[in-house]
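Hi,

Here is the structure I said I'd pass on. Have a look at it first, and my notes on what turned up are underneath.

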Amino acid sequence: MQQRVPTSANARTMQQKTPLTGERVEALTTIQSTVASESVLRFSERHFYLWMAGLFVLIAFGGFTPTYWAPVALGTFHGPPILHIHGALLFSWTLFYFMQTAWVASGHTPTHRTWGLAGIALFSVMMCSILVTKITVMRLDDAHGYGDAGRRFAAVPLFAMPVLIGLFSLAIANVRRAETHKRLMYLVMVGFMHPAIARVVLTLFAPPGAQGPPPVFVALPPGLIADLLIVVAMIYDWRTRGRPHRVYVYGGLTLLADQLLTVPVSATQTWMSIARFLEGLAG
């Protein structure tokens, strides 16, 4: 009786019915474990950034309570209208970041992307409000006899503006690279925490009866405190991924360099000339 040779189709069928070898089972188990681990990591990361977004909201609102929210509630706050507009924009941005992070954490990433254009518009208007607010404050300081001190201290937010705009622009350019995008946006939020933390530091440690803009160097400790939020994110990366993401390394160093250089540069005649030019734009 002639032995029947299996056809290629029969051979494939027999191969499919052949039990998996130990090596194949091990490889399949490894792949499944890797996929499961990555899924757990993504879930953990989403909630880490959500918790940090909640912390940003607490810092922003809590930091300005002694100097803004409480006086407004008591009717004792006195300032130009631009301060209210500026405050509303920055608080809205903090809540917007929390909302965007919550969309991603809950798995609604398409909704997060849909609101992206609104975020770009809000950020752009917010940057304009920072410039207009500082020009207004410099003019008020000048009217009260604190002209040079006000111009020097204006360097703190105005020097930070190009850095924040640069980080935000890079975040938009990397919108399809989620790991890079979310870390750049995190750095932007850390930069915005600096003023809120500074209000708390000034409230606790300002000398009794102090008036006028503070010296520029007093902005350095609040900036370093804000930088600790980057350290927290780097530690989280190190524990979950084995090393901090390069965005935190280079971006964190950029923010730190801006904070350190602001002190000496704000005392130069070049900056004072720029500040007077900006002040003159208001007429």
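I'll start with the second largest pocket, which has 33 residues in its lining, with Val-104, His-112, Val-175, His-181 and Lys-182 lying nearest its centre. Two or more lining residues come from each of helix 2 (22-63), helix 4 (81-105), helix 5 (109-114), helix 6 (116-143), helix 8 (155-173) and helix 9 (178-205). Helix 4 is the biggest contributor, giving seven residues to that lining. The space in this pocket comes to about 950 Å³. As for the character of its lining, 15 residues are nonpolar, eight are polar and ten are charged. Do keep in mind throughout that this is a predicted model.

Now the overall picture. The protein has twelve helices and zero strands, so to speak a plain run of α elements from one end of the sequence to the other. Of its 283 residues, 36% are buried. Among contacts with a separation of 6 or more, 77% are between residues 24 or more positions apart.

Next, the aromatics. There are 20 aromatic pairs in the structure. Take Tyr-49 and Tyr-186: the ring centres are 5.8 Å apart and the planes sit at 85°, and since an angle over 60 degrees counts as edge-to-face, that is what this pair is. Tyr-49 belongs to helix 2 and Tyr-186 to helix 9, so the pair ties together parts that are 137 residues apart in sequence. The C-alpha atoms of these two tyrosines are separated by 8.2 Å. Are the two rings' residues buried or exposed? Tyr-49 counts as buried, at 5% relative accessibility, and Tyr-186 is buried too, with a relative accessible area of 0%.

A second pair worth a look is Trp-93 with Phe-192, which is edge-to-face, at 6.5 Å centre to centre and 65° between the planes. Here Trp-93 is in helix 4 and Phe-192 in helix 9, so this pair ties together parts that are 99 residues apart in sequence. Trp-93 is buried, with a relative accessible area of 2%, and Phe-192 is buried as well, at 9%.

Back to Tyr-49 for a moment. Leaving aside residues up to four places away in sequence, Tyr-49 touches Tyr-97, Thr-101, Lys-182, Arg-183, Tyr-186 and Tyr-248. Lys-182 also turns up among the residues nearest the centre of the second largest pocket. Tyr-49 is part of a cluster as well: ring pairs link it with Phe-48, Phe-56, Tyr-97, Tyr-186, Tyr-236 and Tyr-248.

Two of the helices deserve their own notes.

Helix 4 first. Its 25 residues should span 36 Å at 1.5 Å a residue, and the end C-alpha atoms are 36 Å apart, which agrees. Gly-87 is found in this helix and is buried, with a relative accessible area of 11%. Measuring C-alpha to C-alpha in the model, Gly-87 and Phe-64 are 9.5 Å apart in space and 23 residues apart in sequence. After helix 4 comes Gly-107, with a positive phi near 85°.

Then helix 6. From first C-alpha to last, its 28 residues reach 41 Å, close to the 40 Å expected at 1.5 Å a residue. Its buried residues include Gly-119, Leu-122, Phe-123, Met-126, Ile-130, Thr-133 and Lys-134. An α-helix has 3.6 residues a turn, so residues three or four places apart point the same way. What do the buried residues of helix 6 pack against? Their partners are helix 4, helix 7 (147-153), helix 8, helix 9 and helix 12 (269-280). Helix 6 is followed by Gly-145, whose phi is positive, near 90°.

One last spot, in a loop this time. Ser-266 lies between helix 11 (246-265) and helix 12. Ser-266 is buried, with a relative accessible area of 2%. Not counting residues up to four places away in sequence, Ser-266 touches Arg-152, Ala-155, Val-216, Trp-271 and Met-272.

Cheers

Key:
Residues numbered from 1 in each chain as written. Predicted model: local features only at pLDDT ≥ 70, side-chain atom pairs only at ≥ 80, totals over all residues. Heavy atoms only, no water. 1 Å grid on protein atoms, 1.4 Å probe; cavity = no way out; pocket = protein on both sides within 12 Å on 5 of 7 lines; lining within 4 Å. Points joined across faces, edges and corners; volume = space filled by probe spheres on them. Helix = DSSP H or I, 4+ residues; strand = E, 2+ residues; numbered from the N terminus. Nonpolar A, V, L, I, M, F, W, Y, C, P; charged D, E, K, R; others polar. Phe/Tyr/Trp six-rings, centres within 6.5 Å; stacked < 30°, edge-to-face > 60°. Buried < 20%, exposed > 50% of the residue type's maximum accessible area, 1.4 Å probe, protein only. Expected span 1.5 Å × (residues − 1). Contact = heavy atoms within 4.5 Å.
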